[in-house]
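Reader: I am new to this structure and would like a close look at a single part of it. Please take the aromatic rings and describe how they pair.

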Amino acid sequence: MIFTSAAILAVAAGAYGLGRVYPPLGPSAGTIAPADRYVSAQVGESDVQLGDTAVPELMQTDAFELMVKDPNFRALAASPGFQALASQPQVMAALLADPQAFAALAANPQAFASMAKAAQNTAASNAQSRQASASMMNAVAGHSAAIQALASHPDAFASIANNASAFGSFASSASAFRSAAANAAADARLASNAAAFRQLASDNAAMNALAADPGVFASLAANAASLKSFASQPAALAAAANSAASMASQLRLAGVSDAAMASIASNSAGFAALASQPQAMAAVAAHGDAFAALASHPQALAAIMANASAFSSFASNASAFQAAASKAAADARMSANAAAFQRLASDNAAMKALAADPQVFSAMGRSAVAFGGLASSAHLMNAQLAATIGQNASAFSKLASNASQLSSAARAAQSFNAQAATASAAAAGRLDAVASRAALASPQAFSAMMANPAAFAAVSRQASAMATVASSSKAFAALAAHPNLAAVMANPSFAAAANQAGVMQARND
């Protein structure tokens, strides 16, 4: 114990002496400095720049992995014209929506090119056609059975459309109309097509429909100016009226208001695009005002839709989105479309709508695959369409949950759009009889071409692409049966992702 105590004292004395020599004594000798705490600035949304993650995120989706292993897709990827199709997402989306119709058209490349050119000519008068379509839907909404009764006699219906205001008096008495039609030669309003009106008067089923709803004549008279533009094309007019009636019936079953139907009719291409991805339609219905704000800037909307996951962080802070968009060139997510985002940031009305509902960003992020598949069609989803869907949110949410009903309504809308546009363009001399017949024979395909005429014109000039479309309808149909796979293939980033994954080289395996 004595030796141990002595050793401890010796070590303690040595340590004290060393401490007095090293470190050197100075002003701070004998003091203990407080430790400085490490302080780091909080990470904000502007500090985390994800960049354009659309391609890698697309490749990481379950749908993409399933697709590249799918034998139907492998067969498509092996075809020489597939890469040309993949580089045109609007065309790809249309092919997946109606593969059989496009295969039939592509089997005759000359006819396909002719229809694509007709679509360009028709699209040139799109604004006028949209107004006429809205007016026709106003006339049809609420009178489906009566309209279809008239449309079953195209020549008589065309005569009414040519002078609809003169037939308004029959709104109070369908029996008076039947009597006048039976003696059409004696009535100046009906004399020019007396035989057609007599046939209508002798059609008991049609007369019963009119007797149940004579108010249809008042509705036609209220939209006389627009209906007159269709009058010179009886077949197209009758087809458009039937499609409008079918569309109105489908939408009414879902609870969509008559007032909303005219808006849907004049934006049928955008409605059909949304209908191809019910998840997206449900999201738009839940966030109508915010989505309408984004839709008023289609280029910015397209960029968000193509890379929706990267924008989800703004769901809790709309002001952060505005700040980022105002300096879009410095944000990798927005820099490719900097001018478009800056215009959006300076739009006070749009920013106010987003501030009221920033959750629109998380809603799009949760359905990133669906919105990605619609990105190339963002220009079709204007503010009016989004607002209409939002104002009828319950009805469109219900419609989005009923795939069959939604598909039927969308196809009727496309048919109506094509038939009304064909009638209008033919009356204006923009379509000849051959092109008109072709358009009426494949109305959904023609509607899709009118929505993206330049893309279809480009594809029509590539023989390998035409051959792939003509020979691969079964493969397209098999893939289209799965909405997620269809959305991936219609995504603007799909061609790049497929190339990176190596599936485009399948034809070389």
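Author: What follows describes the aromatic pairs, with a short look at the largest pocket and the salt bridges afterwards. The model is predicted.

A pair of aromatic rings is described by the distance of the centres and the angle of the planes. The count here is 20 aromatic pairs. One of them joins Phe291 and Phe371, whose ring centres lie 6.0 Å apart with 35° between the planes, a tilted arrangement. These two residues are 80 apart in the chain and belong to distant parts of it: Phe291 sits in helix α21 (residues 288-295), and Phe371 in helix α27 (residues 368-374). Phe291 counts as buried because its relative accessibility is 2%, under the 20% limit for that class. Phe371 is buried too, at 0%.

Another tilted pair is made by Phe321 and Phe361, with 4.8 Å from centre to centre and an angle of 45°. This pair also links distant parts of the chain, since Phe321 lies in helix α23 (residues 318-326) and Phe361 in helix α26 (residues 360-366), 40 residues apart. Phe321 is buried, with a relative accessible area of 1%, and Phe361 is buried with a value of 1%.

Elsewhere, ring pairs connect Phe167, Phe170, Phe177, Phe197 and Phe217 into a cluster.

Helix α27, which holds Phe371, is also one of the helices that supply at least two residues each to the lining of the largest pocket. That pocket has a volume of about 790 Å³. Its lining comprises 36 residues, and Ala93, Ala97, Ala272, Ala275 and Ser276 are the ones nearest the centre. Helix α30 (403-427) is among the contributing helices, and α30 gives the most, with six residues. Sorted by class, the lining has 23 nonpolar, eleven polar and two charged residues.

Charged side chains form contacts of another kind. Side chains of opposite charge can pair when their charged atoms come close. The model has four salt bridges. One of them is between Lys69 and Glu65, at 3.3 Å from N to O. Both residues are in helix α3 (residues 62-69), and because they are four residues apart, about one helical turn separates them. Lys69 is exposed at 60% relative accessibility, whereas Glu65 is partly exposed at 43%. In a further salt bridge, the closest N and O atoms of Asp187 and Arg189 are 2.9 Å apart. Asp187 is buried at 14%, while Arg189 is partly exposed at 26%.

Definitions and conventions
Residues numbered from 1 in each chain as written. Predicted model: local features only at pLDDT ≥ 70, side-chain atom pairs only at ≥ 80, totals over all residues. Heavy atoms only, no water. Phe/Tyr/Trp six-rings, centres within 6.5 Å; stacked < 30°, edge-to-face > 60°. Buried < 20%, exposed > 50% of the residue type's maximum accessible area, 1.4 Å probe, protein only. 1 Å grid on protein atoms, 1.4 Å probe; cavity = no way out; pocket = protein on both sides within 12 Å on 5 of 7 lines; lining within 4 Å. Points joined across faces, edges and corners; volume = space filled by probe spheres on them. Nonpolar A, V, L, I, M, F, W, Y, C, P; charged D, E, K, R; others polar. Salt bridge = Lys/Arg side-chain N within 4 Å of Asp/Glu carboxyl O.
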